[in-house]
Amino acid sequence: MSLNASMQIAVNGLNVFRSATAVVSQNIANVSTPGYTRQKAIIETAPTTNLSGFTLGSGAMISSVERFHDALMQQQMANSETTLGYDTAKSMVLQQIEPAFNDIGTDGVGASLAHFFAAWQDLTNNPGGIAERQSVLSNAQILADDLHAASKTLTDMISLQNDSLAPVIDDINIKLKEIARLNQQVTITEMVSGNANEVKDKRDLLLLQLAKQIGITSTENSDGTVDVKLVGGGEALVTGTNAGTFSLDKTTDPKSYKVQLIPAKGTVASIVNPTLSTGSLGAALALRDTIIPDYLTQLGDLATTMATEINTLHAAGYDLNKGTLKDFFSPIPRTGVLDGSTNTVSSVDVTGLWVGMKVTSGTDIPDGTVIGTITPNPSGTTGSFTLINAATGLPFTPPASPVGGTTALTFPNGSAAALFSINPSMTTYTVAASSQSSNAGDNLNAVAIAGLATKRLMSNETLTFSGYWNALISKMGLDVNSSKTNVAQDEAFNNQLSVLKDSTAGVSLDQELSDMMMYQRSYQACAQVISTAAAMMDMVLEIVR
Amino acid sequence: MRVTANMTAELSVYNIQQGRDRIDKITEKLTSNQMINRPSDDPVSSGTLLDVKEKITAYEQFNVNISKCKSWLDVTTNGLTGLSNILDAIRNMISGSSSLSIQDPTQRQVAHDQLVELKKQLVEMGNVQYGDQYIFGGGNNLVPPFNQQTGTLTDNDPNVTGVDVTGLSAGMPVTGTGIPPGSFVDVVTANTTPNTATGSFTLRDVNGNPVSATVPTTTPPTLSPFNSDLVIYTGDSNQREVEITTNTRQAFSTTGDRLLLGTGSNPSYGSTNVLQVMDDLMTAFGDTTHTGDAAAVAAAGKKLESAAIQVNAAITINSSRILRVDNMANLNDINKTTLTTISTSIQNVDLAKYGMQLNAEQTAFQASLAATARISQMSLLDYLR
């Protein structure tokens, strides 16, 4: 039993406490690093040795640096982030749409609807009056403009959600690649018995950020890598060191991209749209495909029913020229005359149409045809447009024997509100207020049209036009309100989880500082042992001299 | 539970955020002075608000309708009063004449001329306008309802010639000396020269059978063909309607056919053809060349009584319409006020209540800020040498 043993043990101790202090300083330096989990040096006694018949310890050693990581908490936080991501995205978008439907704050479709029917009421008082007729036309135009504005807000938002898919997909792909790379780093580091804690922290943080965008499940393998799968379909996003890739199919329908995935270790891209219903990506898809088109359809129903009902009554009346049978609003669906040789549809009101808009008509104009160029309505009459094949961009080939004549054109669902417009050939003289062909001073037709304001024609004959519009606004208000509540709840829950996680994994400066003081004193004590052992050795050497 | 400084910081930030949010909401209410600024603030109440707003607009429109209707009714009252006065003048004239004056040719001519003038006034009153609409024209009120002109009749012949047929069409009632009562225009032949009295038409009865003109019985007899002062009614019997409150329509025109021709129903003012009576009266009085018929004058005088009653009936019904729309205007105002009260009660911000709440929230917020500042300053580092 020599003094060397003591010295050796003390030096061991110095090393241990120096390393422990390094771990503490690592913790302190990273106190504000997002995603950092605290580490602790686990000090154990070093293996015992047999010395001169005595079993003696050989000091302390750091067996491992433990990382305070809770896998269950990680998964729970990921789920919470996903829900929060979905609800936040949805709430933001709905709040952006709401002002276009805020009839409480400003005058919108509701007010212009009331003024339109009021103008017809004024016309009943003086059916021959030009001023009253002009008022009817002006108010009709304001109503059409308001419907267009509301419709445009919705269609613009749909495009925005569609366009926003590309950067989100790119971002997700970058994250997947990075997670795969970090997986590789972990395996390499652990192969050389290194400490991959920081890498794992980075990886966990990335997983949480990814979870905000899409719902994922992650499982840690025994070799330290993490496998990431999509929630719902279970497609592999990251397997070991291989990452999957998301992409967008932009050609099938340029207005509605489809999300495709080449899974990790796979080669074939398959569409995953339907299963992506969580996270901010899921929200963008839901908004683009379901939520906003729903509002658009309801708006379109209102426009269509109004146009149809008013046209029916108007066509039965007579105008100041004792003429008959004119549509007040351009009919929905629009009609036009197809000319196969020039690929043109003419005698059609082109108000509200845009280049690239899908159009079909029975067997004459098949699916996949879009509008090429538009020739606007010269004032007071109808215009025309050409047709091209959406996939090839070439003029579309008409069927061998087209039906010909005036055909009903079908435009995409939800475009009814944008297509709502006054018949271009309508003038003050052609407003049909009278119900008698011989008598322009009669007002019964105007009375009938004014009476539509209180007739229940919407929603299976339970609501008037204004009632339907008000119901739509209320529903939207309810949706926005509930989405705000959801976001508040999600944030509170997320916050609680975050606090809980911090409780186990967060760095407590008080604890680290007191640990540091403890290690410092221990270090001092070991150093004291060394100097005492050295002094004892000196004494022995004194004896020898 | 182990608590770290970061946890405290996170919680503080979260709660400060919540505090700001609450203050924000109250501030919005106070500055906009409205409880509900967007549908999502309170979806259920905003549904009520919008509904109420719509109804208020409707009541405002109804009252606009009523005021326009009332102006029309007032002008009608003036017209009817004028007609009544003319009829009174005629009756005075009849009662003032005696059997002696009928025997004197000069006096007969004077009476005849007066009657011609009074008939013209009657027709003018019938053609009174409100703006550019003719009040008594019914639905067809863009042209004068009573078209007065001279035409040539032939005994036992359904043709009426020498008339300007612009604006005339089949089915229009015709009155005049020599024209059988209850006659209508049948087939119209256009003017050979536009807008001149060069056209003609034939007569028919209510069943569509042709009728012929008959020369009036006078002493000495009137020769055929003879000129007749015709009045053709170009209006119709459509009493225009206007909506005065929800799903309630009010008819407001007094039509010329009910008023002066005694036809039509719902309401019917009477069955006297006033113009016919005028014609009979003129024939009965005679003139310088033709003798008078005192009995016929008396008979016509009796019919004139009925005519006066007829016009009075029209005045009464018109007045009752005025009463009804006035009443309805009041009701609409009351309803509008009630709805406005509902709307204000939903939207009104109790400034005192929310002012106090803002105060309280502010204090709480300041406390949370102070506490955060104080706690985040505490650290073990301050105490380590």
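The paragraphs below walk through the domains, cores, chain contact and selected strands of this predicted two-chain model.

A good place to start is the layout of chain A. The domain assignment divides chain A into domain 1 (3-68 + 509-544), domain 2 (71-323 + 433-495) and domain 3 (334-410). Taken over C-alpha atoms, the centres of domain 2 and domain 3 of chain A are separated by 29 Å.

The largest nonpolar core holds 112 residues, and the members that touch the most others are A:Ile179, A:Ile216, A:Ala303 and A:Phe420. Helix α4 (residues 130-191) of chain A supplies the largest share of this core, with 16 residues. At least three residues of this core come from each of domain 2 (71-323 + 433-495) and domain 3 (334-410) of chain A. The surroundings of A:Phe420 can be listed in full: leaving aside residues up to four places away in sequence, A:Phe420 touches A:Ala144, A:Leu147, A:Ala303, A:Ala307 and A:Phe329. Another core, of 47 residues, lies apart from the one just described, and its members include B:Leu87, B:Ile90, B:Phe146 and B:Met282. As general background, nonpolar side chains tend to be buried together in soluble globular proteins.

Attention now turns to where the chains meet. On the side of chain B, 44 residues are in contact with 45 residues of chain A. Two or more residues of that side of chain B come from each of α1 (5-32), α2 (43-96) and β9 (241-245) of chain B. The top contributor is α2(B), which gives eleven residues. By character, the residues on the side of chain B that touches chain A comprise 16 nonpolar, 18 polar and ten charged.

Helix α1(B) deserves a short description of its own. With 28 residues at 1.5 Å a residue, α1(B) should span 40 Å, and because its end C-alpha atoms are 40 Å apart, the expected and modelled values agree. Its buried residues are B:Ala5, B:Ile26 and B:Lys29. These buried residues of α1(B) pack against α10 (509-544) of chain A, together with α8 (351-376) of chain B. Just after α1(B), B:Asn33 adopts a positive phi of about 55 degrees.

Several strands of chain A can be followed residue by residue. In strand β12 (residues 335-339) of chain A the side chains alternate: A:Gly336 and A:Leu338 are buried and point to one face, whereas A:Thr335, A:Val337 and A:Asp339 point to the other and are not buried. Strand β12(A) runs antiparallel to strand β16 (residues 406-408) of chain A, to which three bridges join it. Within that pairing, A:Val337 has A:Thr406 of β16(A) as its bridge partner. Three bridges also join β12(A) to strand β13 (residues 344-348) of chain A, again antiparallel. Here A:Asp339 is partnered by A:Thr344 of β13(A).

Elsewhere in chain A, four strands form an open sheet in the order β5-β6-β7-β8, with antiparallel pairing. At the edges stand β5 (216-220) and β8 (242-243) of chain A; each has a single partner strand, so one side of each is left without a neighbour in the sheet. Strand β7 (residues 236-239) of chain A pairs with β8(A) in the antiparallel sense over two bridges. A:Thr239 stands opposite A:Asn242 in β8(A).

In chain B, strand β3 (residues 146-153) and strand β4 (residues 159-163) pair in the antiparallel sense over two bridges. The bridge partner of B:Leu153 in β4(B) is B:Val160. Five residues lie between the strands of this β3(B) and β4(B) hairpin, in which B:Asn156 takes a positive phi near 60 degrees. Strand β4(B) is also joined by four bridges to strand β7 (residues 199-204) of chain B, and the two run antiparallel. In that pair, B:Val163 is matched with B:Gly199 of β7(B).

One loop residue rounds out the picture. B:Val128 lies in the loop between α4 (105-126) and β1 (129-130) of chain B. B:Val128 counts as partly exposed because it has 18 C-beta neighbours inside 10 Å, whereas 20 or more would make a residue buried. Not counting residues up to four places away in sequence, B:Val128 touches B:Gly79 and B:Ile135. B:Val128 and B:Leu80 are 48 residues apart in sequence, with their C-alpha atoms 10.0 Å apart in space.

Definitions and conventions:
Residues are numbered from 1 along each chain as its sequence is written. Chains are lettered from A and ligands numbered from 1 in the order in which they are written. This is a predicted model: local features need pLDDT of at least 70, side-chain atom pairs count only at pLDDT 80 or more; totals for chains, interfaces and linings use all residues. A nonpolar core is a set of buried Ala, Val, Leu, Ile, Met, Phe, Trp, Tyr and Cys residues joined through C-beta atoms within 7 Å. A residue is buried if 20 or more other C-beta atoms lie within 10 Å of its own, exposed if 12 or fewer, and partly exposed in between; C-beta atoms are placed from the backbone. Domain bounds come from an automatic or database domain assignment. Two residues are in contact if their C-beta atoms, placed from the backbone, lie within 7 Å. Ala, Val, Leu, Ile, Met, Phe, Trp, Tyr, Cys and Pro count as nonpolar, Asp, Glu, Lys and Arg as charged, and the others, Gly among them, as polar. The expected span of a helix is 1.5 Å times one less than its number of residues. Two strands pair if DSSP finds at least two bridges between them.
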